[in-house]
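Me: Please take me slowly through one small part of this protein and its surroundings. I am new to reading structures.

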Amino acid sequence: MASEFEKNSTNMYVEQSPKGLENGQGQKNVDDDGREKRTGTVLTASAHIITAVIGSGVLSLAWAMAQLGWVAGPVILFLFSFITYFTSTLLADCYRFPGPGSGKRNYSYMEVVRSHLGGFKVQLCGIAQYGNLVGITIGYTITASISMKAVVRSNCFHKEGHEASCTVSNYPYMVIFAIIQIILSQIQNFHKLSWLSILAAVMSFAYSLIGLGLSIAKVAGAGHHVKTSLTGTIVGVDVSGSQKVWRCLQSIGDIAFAYAFATILIEIQDTLRSPPAENKVMKRASLVGVFTTTLFYVLCGTIGYAAFGNNAPGNFLTGFGFYEPFWLIDIANVCIAIHLIGAYQVFCQPIYGFVEGRCSEKWPDNKFIKSQHDINIPWFGVYNLNYFRMLWRTIYVIITAIIAMIFPFFNAILGLIGAASFYPLTVYFPIEMHIAQRKIPKYSFKWIWLHILSWACLIVSLVAAVGSIEGLTQDLKTYKPFKPQDQD
């Protein structure tokens with residue numbers, strides 16, 4: 001499994017440059033690995049990190065803050081930011097093997113793990129990474145459908161009044177989202193459509209800033225008064241004792257989801273020019289990116305909590321604490337949908353590449369898998385149709401849509417994905433690779449405190465996962481499949 005992943009998860013944004021090493025001019029245009037000269041800087045890497053991290057995770061932060069309160073909420077946000085930054089610096093040193101400043105480049109997270117750890121841990125990394133990618137595509141299907149539905153509900157409330165039921169089903173919008181993804185999944189060389197990534201990044205900033213602006217306006221509004229507290233929701237008033245515990249744990253998972261960018265750090269680092277050394281530039285970029293993201297998250301979480309209080313909705317742009325201006329709320333939710341349409345493709349492309357590459361290797365003479373059929377499409381040119389690619393990618397999108405329809409629960413799913421991916425990808429592997437790279441003696445002081453951090457994060461991830469599973473279980477008790485409901 002590991003070797004196939006490695007072959008199919010190299011950096012999508014830097015192509016091989018077979019030319020050039022034959023003459024002096026070519027040597028000026030390529031790096032030490034024969035690939036096209038990299039041009040990335042601290043600024044571009046920081047921008048990649050910020051746009052990758054700030055996404056749908058920001059939508060649940062007001063709810064998470066309401067569960068944790070004014071003290072624990074910001075503290076946990078800052079703790080996650082510190083851990084994320086610290087482990088990202090360890091991971092940045094592992095880009096080259098055997099040393100951080102020189103040696104063989106690794107183009108993906110999996111290659112880094114293979115170079116420094118090898119063996120069964122490479123397969124564990126593959127399972128964690130693929131599981132995370134599949135979970136994210138399911139979560140994005142849920143989130144996008146909720147936002148599409150919210151546009152319809154917003155217009156309904158505007159016309160019928162804020163007390164109207166305006167019940168709308170998620171499922172037609174999940175189907176629409178799936179159809180769009182089936183079409184986009186057939187595009188060849190999808191990684192070259194950089195405009196879609198840029199558009200998705202702009203959309204993520206747009207809806208986050210709209211949500212922040214609406215929260216500030218709500219707090220500043222005349223007669224605004226909501227109930228908040230140092231410890232969040234109050235037992236016996238807002239929630240029961242058990243609900244308080246489970247929701248606090250689930251909110252930790254939501255915060256973990258909001259900070260996930262370890263899986264793409266190596267790909268970002270592989271865009272950096274050298275000199276200066278890539279690991280040093282990446283560490284500065286990580287500091288800028290994590291600091292900016294944390295500042296933004298604290299603003300969204302705390303101001304969102306101040307706006308909604310202990311009754312903060314799970315998704316602060318679709319829970320309808322905001323009704324007016326309805327057109328601005330519509331714009332924000334359209335931005336979410338557009339962002340997730342592009343983001344879904346970014347996260348599913350490694351899965352497509354792995355399955356197709358492995359099948360091609362296993363059945364190299366199978367015409368169904370290998371054969372291409374040229375189809376002339378007016379105004380678009382010639383499209384190379386591969387029946388296997390079309391069938392498999394369509395099936396994948398359909399399966400993720402069906403799972404999203406069965407479990408259309410925004411907060412619980414985000415919390416579960418965050419809890420399941422944070423420990424192995426953000427904490428465990430970076431720490432283990434750092435220990436292996438620096439040859440840190442077993443039971444030395446540094447070895448002990450690194451393992452204490454690792455085990456502490458494992459415990460946090462496990463309890464967050466338990467809280468999210470409990471939240472999912474409670475949602476399922478009142479859930480009526482394939483009927484209109486308000487899972488916001």
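Reply: Ile375 sits in strand E3, which spans residues 373–377 (strands are DSSP runs of E with at least two residues, helices runs of H or I with at least four, numbered from the N terminus). This is a predicted model, where local features need pLDDT of at least 70, side-chain atom pairs count only at 80 or more, and totals for chains, interfaces and linings use all residues. Residues are numbered from 1 along each chain as its sequence is written, and side-chain values use heavy atoms, without hydrogens and water.

Ile375 has a relative accessible area of 35%, so it counts as partly exposed (between buried, under 20%, and exposed, over 50%, with a 1.4 Å probe and protein chains only). Leu385 lies 10 residues away from Ile375 in sequence, with 6.9 Å between their C-alpha atoms.

Further along comes helix H14, residues 387–406. Ile395 belongs to H14, and at 40% relative accessible area Ile395 is partly exposed too. Ile395 helps make a nonpolar surface patch of about 580 Å², together with Phe368, Tyr387, Met390, Leu391, Ile399 and Ile403. H14 gives the most to this patch, namely six residues. (Patch residues have over 30% relative accessible area and no salt bridge, and nonpolar side chains are joined within 5 Å; a salt bridge puts a Lys or Arg side-chain nitrogen within 4 Å of an Asp or Glu carboxyl oxygen; areas come from the Shrake-Rupley method with a 1.4 Å probe.)

The unreviewed UniProt entry annotates "transmembrane region" at several stretches, including 327–348 and 390–410, though such annotations may be inferred rather than shown by experiment. Residues 327–348 are 100% helix, with end C-alpha atoms 32 Å apart.

How values were computed
Patch = residues over 30% accessible without salt bridge, like charges linked within 9 Å, V, L, I, M, F, W, Y side chains within 5 Å.
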